[in-house]
Amino acid sequence: MGLLVGAALVAQPPVARAFNPFGLFGEDKPAVTANAVAYDLQIQGLGGDAAVLTAVRDVSILYRLRQEPPQTGDELMRRAEADIPRIVDALWGSGHYAARVSIVVGGQVIALDRPASGSVRATIDSLRGRALVPVAVMIEPGPLYRFDRVAVLDQRSDLPFDPAELPQRVVTIAPGDPARTADVLQAAAALSDHFRDRSHPFVKVGRRVPVIDHGTRTVDLTLVVDPGARAGIGGIGVSGTKQVDPAVVRSFIYAERGDPYSRRAMADIRRSVARIEAIGGVRVREGTALDANGQLPVDVEVTERPLRVIGGSVRYSTIDGPALKAYWAHRNLFGGAERLRIDGDLFYFTGPQNWPGGSNRSGFNTDDIGGRLSASFLKPALWGTRNDLLVDAFVQRELTELYTSNVVNGTAAIRHRFTDSFNVRVGVEGEIGRSTDVLGRFDYGLLGVPLAASYDTTDKPLDPTRGVRVTATVTPYLGFGDAPDAFVISRIQASTYYALDDAARTILAGRVAFGSILGGTLGAIPASRRFYAGGGGSVRGFEYKSLGPRTVGGIVTGGMSLFEASVEARVKLTDTIGIVPFFDMGQAYAGSFPDGSAPMRYAAGLGLRYYTAVGPIRFDVAVPLARRQGERPYAFYVSIGQAF
């Protein structure tokens with residue numbers, strides 16, 4: 001190992017520390033104290049190679065403990081001596097197989113073949129409390145070596161795999177690529193994942209000693225794979241339940257004995273069980289050996305969440321005004337993961353009601369108070385099946401710019417889960433209400449049979465990067481009072497997500513929605529049941545519920561049908577920051593089908609995303625295209641999660 005010339009030891013007087021909140025002005029140097037040997041570390045010779053510098057820092061004890069000075073000079077030298085082989089390994093792992101490393105401490109150069117002398121330790125001790133000891137890691141990385149030959153062999157035959165069993169695309173390392181250890185580890189992980197996804201749970205990937213040719217600066221790499229036996233899923237056990245019936249957990253496991261084993265199957269079990277609100281954590285433990293039938297036993301270990309939860313919020317909306325919200329929930333009411341939740345919302349409506357008879361009074365008025373009191377009950381896994389009971393009820397006073405609605409509603413439904421991705425629901429709904437808007441006052445009653453289906457293959461609820469979502473509802477109603485004798489409300493919405501790269505840093509997302517009311521007339525449908533477009537979940541840039549059929553006086557009435565579509569490009573600039581250009585379109589129509597009787601409205605905008613562990617924080621700014629008189633020039637939206 002070569003030696004590099006080092007600088008002489010120079011004593012540095014203590015320097016007073018300036019105020020440096022959160023390290024915004026660079027990292028503070030360690031304080032000079034009488035009880036420790038503080039040092040100033042420099043890593044030299046790498047130029048602007050940030051990747052190699054990071055690799056060196058990751059293994060360096062001197063760097064990791066730079067803010068924790070040693071007690072003696074001897075301890076500092078031990079840190080330096082231990083660092084040299086670690087840094088050499090890091091440089092080899094970065095493809096620099098001819099690298100040379102030395103460290104200058106106390107004016108003495110040390111290397112693998114040149115340990116420190118005792119006198120330098122005493123010299124360093126003499127600086128305790130007087131100055132920072134300069135420590136310089138001197139690196140000559142040398143040339144970057146590259147792969148010359150890359151082979152993947154089947155351990156059973158010591159021959160290459162058939163392309164049908166191992167496609168070439170699995171291992172992306174090719175001759176001429178930098179000979180980096182990280183790329184080799186990534187290739188080994190890709191091989192393991194490939195065979196596990198093809199039902200080989202005990203695949204083993206190894207590598208033979210690489211052949212390094214210093215003359216040509218090349219490396220020959222051989223990876224050896226033992227796929228192991230092919231297996232299906234064996235018995236699936238449940239453990240960890242204390243107060244929740246294990247039968248409920250089993251009903252959310254859709255894998256069956258004998259199904260092919262794969263990483264995806266294990267992830268699906270984990271995700272589906274985590275949907276149980278009483279369950280806080282899910283761990284899928286794979287067996288260490290195959291059972292007598294050649295299948296892999298699996299144990300699903302769960303942890304339970306606290307039984308009760310309470311919360312609240314205070315908010316202010318430029319549309320509705322100030323509001324309060326509180327809720328209480330019990331996640332395991334009777335021991336079968338039954339969830340009971342009670343929500344209370346109270347708000348004071350400060351906006352105008354732009355229709356004859358609407359509230360436009362100044363000053364406080366109790367008629368401008370609105371709110372909602374709701375209760376929902378979920379009984380999952382009825383008798384251990386995949387059928388769930390859902391009961392919802394609410395009392396609501398809704399105040400908007402377009403209408404006032406007072407409603408009492410109750411629904412009971414059975415949901416059947418075919419898979420974790422697909423379920424259907426059928427129920428009975430009753431509603432009594434009064435709706436008042438520009439078209440008049442409606443006192444009505446409704447009795448309906450809601451039918452719904454949901455299909456969702458997305459990977460993340462708040463920030464999907466792949467898959468599709470489709471939700472559809474069809475509800476035939478019998479009407480009483482001022483409502484039509486019979487009518488049907490239906491709505492379907494579909495969205496899809498496609499990643500343009502393996503890291504999912506650029507996502508194309510699209511959404512389309514359609515709604516229709518068949519039966520009755522526009523004037524007979526309660527205002528709260530009609531379709532409106534515009535707003536954050538619809539056509540951004542336009543005010544909430546501002547798009548739809550209008551009266552002669554220009555007041556929006558809502559429609560009998562709806563069409564909306566959106567497209568976004570979600571681009572991550574860093575791990576935490578992203579931008580989202582988007583385009584929305586939509587309109588509500590007086591007829592039961594979108595018939596072009598009203599012009600389609602368009603909006604465009606740009607969003608900013610801040611990605612957190614919970615989900616992205618969304619900030620969107622949108623402008624209406626072909627803006628009309630009276631429409632605002634822009635609108636902005638802030639929320640958690642993507643727009644759709």
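This report describes two open sheets, the helices packed on them, and a set of paired strands in a predicted model.

## Four-stranded sheet

Four strands make up an open sheet with mixed pairing, in the order E1-E4-E2-E3. The edge positions belong to strand E1 (39-44) and strand E3 (108-110); each has a single partner strand, so one side of each is left without a neighbour in the sheet. From one strand to the next, the twist averages 20°.

Within this sheet, strand E2 (residues 100-105) and strand E4 (residues 133-140) run antiparallel and are joined by six bridges. One position in this pairing is Arg 100, which stands opposite Glu 140 in E4. Helix H3 packs on the sheet and touches E1, E2, E3 and E4. The direction of H3 makes about 160° with that of E2.

## Contact of H1 with H3

Two packed helices are described by the angle between their axes and the distance between the axes. For helix H1 (residues 50-59) and helix H3 (residues 73-93), the axes come within 9 Å and cross at roughly 145°. The crossing in which H1 passes H3 is right-handed.

On the H1 side, the contact is made by Val 52, Ala 55, Val 56 and Val 59. These meet Asp 83, Arg 86, Ile 87, Ala 90 and Leu 91 in H3. By class, the residues of this contact divide into seven nonpolar, two charged and no polar. H3 thus has two sets of partners described here: H1 and the strands E1, E2, E3 and E4.

## Three-stranded sheet

A second open sheet has three strands in the order E10-E12-E11, and its pairing is mixed. E10 and E11 are the edge strands, each pairing on one side only. Neighbouring strands of this sheet are turned against each other by 25° on average, direction ignored.

E11 and E12 are paired in the antiparallel sense, over seven bridges. In this pair, Glu 286 stands opposite Val 298 in E12. Helix H7 packs on the sheet and touches E10, E11 and E12; the direction of H7 makes about 160° with that of E11.

## Buried face of H7

Which residues of helix H7 (residues 263-273) are buried? They are Ala 265, Met 266, Ile 269, Ser 272 and Val 273. Seen down the axis of H7, these buried residues fall within an arc of 135°, so they line one face of the helix.

The cover over the buried residues of H7 includes strand E10 (232-239), strand E11 (279-286) and strand E12 (295-304). Helix H6 (246-251) is also part of that cover.

## Strands E19, E20 and E22

Strands of a sheet pair through backbone hydrogen bonds, either parallel or antiparallel. Strand E19 (residues 422-437) and strand E20 (residues 440-448) run antiparallel, with nine bridges joining them. A hairpin of two residues links E19 to E20. Gly 433 has Tyr 444 in E20 as its bridge partner.

E20 is also joined to strand E22 (residues 467-481), by five bridges, and these two strands run antiparallel. At one position of this pairing, Gly 445 stands opposite Phe 480 in E22. E20 therefore pairs with E19 and with E22.

Technical notes: Residues numbered from 1 in each chain as written. Predicted model: local features only at pLDDT ≥ 70, side-chain atom pairs only at ≥ 80, totals over all residues. Heavy atoms only, no water. Buried < 20%, exposed > 50% of the residue type's maximum accessible area, 1.4 Å probe, protein only. Arc of directions from axis to C-beta. Contact = heavy atoms within 4.5 Å. Axes fitted to C-alpha atoms, helices over the stretch in contact; angles between N-to-C directions. Left-handed = near helix turned anticlockwise from the far one by under 90°. Nonpolar A, V, L, I, M, F, W, Y, C, P; charged D, E, K, R; others polar.
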